[in-house]
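Colleague: Please take a close look at one part of this model for me, the salt bridges. I would like the partners, the distances and the exposure of each side chain.

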Amino acid sequence: MIPTITQDAPNIVPRHWCSKCGRKLVPHDNFYKMLPDNFCPGCGEQIEWDKAVPVKWEPMNCDVCGKPMIVDMNGHMVAVGYYVGTTTCRSCMEEYCSQTNCLGCKRGTYPDCKYQYLKPKPMVEEDGHGE
């Protein structure tokens, strides 16, 4: 079994998953050596670590405003603060979320949208009664 590798951003530690059962794996070079004999603890398949394909990152600019989000810094790809996991930068996503009803959104999947934290919170008016 060749493990699947996912990575949220280029400067985030990659995660490894069993391609058969979907269980999270600890890489074979991990200090704790949690996988005896390199077998998946979920399905028992032998893990072929050397065949795993790492995520390939390339420079990326915002598709709305053009701000750089992933940049090449001396041969290492780095996500800057504008990168939130999509092709649109943080400020453009915040603007999109503030103007869009979650049920009609084309970028996230309501109710499990990973961009919900960007949605502006409704203002709560205090009526002076303490309730």
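Modeller: Here is a walk through the salt bridges, followed by the nonpolar core. The model is predicted. Searching the whole structure gives 3 salt bridges.

Start with helix H1, which spans residues 90-99. Here glutamate 94 pairs with arginine 90, with 3.2 Å between the closest N and O atoms. Both residues sit in that helix, 4 residues apart, or about one turn. Glutamate 94 is partly exposed, at 31% relative accessibility. Arginine 90 is partly exposed too, at 32%.

Next, lysine 51 and glutamate 48. Their closest N and O atoms are 2.7 Å apart. Lysine 51 has 45% relative accessibility and counts as partly exposed. Glutamate 48 is also partly exposed, at 28%.

The remaining pair joins arginine 15 to aspartate 8, at 3.1 Å from N to O. Arginine 15 has a relative accessible area of 30%, so it ranks as partly exposed, between the 20% and 50% limits. Aspartate 8 is partly exposed at 45%.

Aspartate 8 also leads to the core. Tyrosine 83 is in contact with Asp8, and its other contacts beyond four places in sequence include Ala9, Trp57 and Met69. Tyr83, Ala9, Trp57 and Met69 are among the 10 residues of the largest nonpolar core. Strand S5 (68-73) and strand S6 (76-79) each supply at least two residues of that core. In soluble globular proteins, nonpolar side chains tend to be buried together.

Notes
Residues are numbered from 1 along each chain as its sequence is written. This is a predicted model: local features need pLDDT of at least 70, side-chain atom pairs count only at pLDDT 80 or more; totals for chains, interfaces and linings use all residues. Side-chain values use heavy atoms; hydrogens and water are left out. A nonpolar core is a set of buried Ala, Val, Leu, Ile, Met, Phe, Trp, Tyr and Cys residues joined through side-chain atoms within 4.5 Å. Buried means under 20% relative accessible area, exposed over 50%, partly exposed in between (1.4 Å probe, protein chains only). Contact means heavy atoms within 4.5 Å. A salt bridge is a side-chain nitrogen of Lys or Arg within 4 Å of a carboxyl oxygen of Asp or Glu.
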